[in-house]
Amino acid sequence: MTYLSTMIIPVIISIILLVGLKEKKKVYDLFVEGAKEGIKITIKLFPTLLGIFLAIHMVRSSGLIDFVSRVIANVTNLFNVPSEILPLAIIKPISGSGSMAVATDIMAHFGPDSNIGMIAATIMGSSETTFYVIALYMSSVNVKDSRKVVIPAILADLASIITAIVFLS
Amino acid sequence: MLNYIWPILIIFSFIYSIFNGNVDKLNNSIFESFDEVIKLSMTLVGTTCLWCGLMEIVKNTSIMTKLTKILRPIIERLFPETKTNKEAMDNITMNTISNFLGLGNAATPAGIKAMEALQQSNVDKKRLTDSMMMLIVVNTTSIELIPTTVISIRAALNANNPAGIIVPIWISTIIGTLVGIIATKILIKRSLKK
């Protein structure tokens, strides 16, 4: 499976370039033009990352996180859920940049190849910011009756988080 | 939301560290956090640029139109209203492909245009249609072919194989999406009975 994952990116890059060459596109010019967008995205992300990292480092160094984890662990141990993942599961549907920062911090703290680090990465990569998407799409058409669309959305989130934990533990 | 959570976390940490007697550690951690963000952003910029560059090539080739043809039957099944609403069809296709390729910037505008097109043929303008519900749910789970951000963060943290996370993410997203689609279908059926 790791080998499969290793192959995916080089294969996709090669396919894109081959199609581009076959259709006589200036692939290098296009690449450079598009890559500029990447700088804009990262710069936009920087302030949020900074804010979240600041808060998380303070929570951790003060010892507050150990205290909270001990309290939460009493509950999560019953379901065999690693309590370190809980803050991520809570923030994930609410804030995209926030959950990215929390996930990154978990990976940095426990190591990206540890079980918990892998679970955090999977949770982060497996869904969008649910409440943000619902609010945005609902407001675009100005409807009153949401027909409880939030229920299937949250069920989907739960399903992918549980899958990540079961699959990687 | 973060306007409340963020200050509460910082203020509570400070108060807790006073009682815990490690204000010096707390003070150091403020500056350590900046170092870490800068290191992370340097790696992030590389991967993000690579992917945005490749996507620019994709947008200019026939890959896009080919994907549209493949997706048509699936989309008609999930969003029955697209059979009679061509504008909704085009925008939902664009939305799905952009999500799949991880182009958030292209996915959102297409999704919103699709919502507007569906609203045009909506009988009760104050109520979401079946297809609108499905579109929202599918966009909250959003299957991504290559989760670039996660991979670049793992690379920044020196993971053994940064891309090794792709398959676990696929499995977890696909199961989440399936649960979302089934739950939406059940919800739609139940509201018909009433």
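Just after helix α5(A), A:Gly111 takes a positive phi of about 90°. This value, like all others in this report, belongs to a predicted model. The helix that precedes A:Gly111 has 15 residues. From its first C-alpha to its last, α5(A) reaches 21 Å, close to the 21 Å expected at 1.5 Å a residue. Helix α5(A) is mostly covered, since 12 of its 15 residues are buried. Among them are A:Gly96, A:Gly98, A:Met100, A:Val102, A:Asp105 and A:Met107.

**Positive phi in chain B**

Most residues other than glycine have a negative phi. Two residues of chain B call for attention in this respect: B:Ser142 has a positive phi of about 45° although it is not a glycine, and B:Asn158 has a positive phi of about 60°, again without being a glycine. B:Ser142 lies in the loop between α6 (130-141) and α7 of chain B, whereas B:Asn158 is placed in the loop between α7 and α8 (166-193) of that chain.

Is B:Ser142 buried or exposed? It has 23 C-beta neighbours inside 10 Å and therefore counts as buried, the cut-off for this class being 20 or more. B:Asn158 counts as exposed because it has 12 C-beta neighbours inside 10 Å, and a residue with 12 or fewer is placed in that class. B:Glu32, in helix α2 of chain B, has 14 such neighbours and so counts as partly exposed. B:Glu32 and B:Asn85 are 53 residues apart in sequence, and their C-alpha atoms are 54 Å apart in space.

**Two helix pairs**

One helix pair from each chain is set out below.

| Helix pair | Axes come within | Crossing angle |
|---|---|---|
| α6(A) and α8(A) | 9 Å | roughly 150° |
| α2(B) and α7(B) | 9 Å | roughly 140° |

In chain A, the angle of roughly 150° lies over 145 degrees, and α6(A) and α8(A) are therefore roughly antiparallel to each other. Helix α6(A) passes α8(A) in a right-handed crossing. On the side of α6(A), the contact is made by A:Asn115, A:Met118, A:Ile119, A:Thr122 and A:Ile123. Helix α8(A) contributes A:Ile161, A:Ala164, A:Ile165 and A:Leu168. By class, the residues of this contact divide into 7 nonpolar, 2 polar and no charged. An α-helix has 3.6 residues a turn, so residues three or four places apart point the same way.

In chain B, α2 spans residues 23-59 and α7 spans residues 148-156. From their crossing angle, α2(B) and α7(B) are therefore oblique to each other. Helix α2(B) passes α7(B) in a right-handed crossing. The residues that make the contact include B:Lys39, B:Leu40, B:Thr43 and B:Trp51 of α2(B), as well as B:Thr148, B:Ile151 and B:Ala155 of α7(B). This contact has 7 nonpolar, 5 polar and 1 charged residues.

**Where the chains meet**

How many residues of chain A are in contact with chain B? There are 82, and they are in contact with 84 residues of chain B. Helices α1 (2-22), α2 (27-61), α5 (96-110), α6 (115-125), α7 (130-141) and α8 (150-168) of chain A each supply at least two residues of the side that touches chain B. Helix α2(A) gives the most to this side, with 23 residues. The residues on this side of chain A divide into 47 nonpolar, 24 polar and 11 charged.

Note on methods. Residues numbered from 1 in each chain as written. Chains lettered and ligands numbered in written order. Predicted model: local features only at pLDDT ≥ 70, side-chain atom pairs only at ≥ 80, totals over all residues. Contact = placed C-beta atoms within 7 Å. Helix = DSSP H or I, 4+ residues; strand = E, 2+ residues; numbered from the N terminus. Nonpolar A, V, L, I, M, F, W, Y, C, P; charged D, E, K, R; others polar. Axes fitted to C-alpha atoms, helices over the stretch in contact; angles between N-to-C directions. Parallel < 35°, antiparallel > 145°, perpendicular 65-115°, else oblique. Left-handed = near helix turned anticlockwise from the far one by under 90°. Expected span 1.5 Å × (residues − 1).
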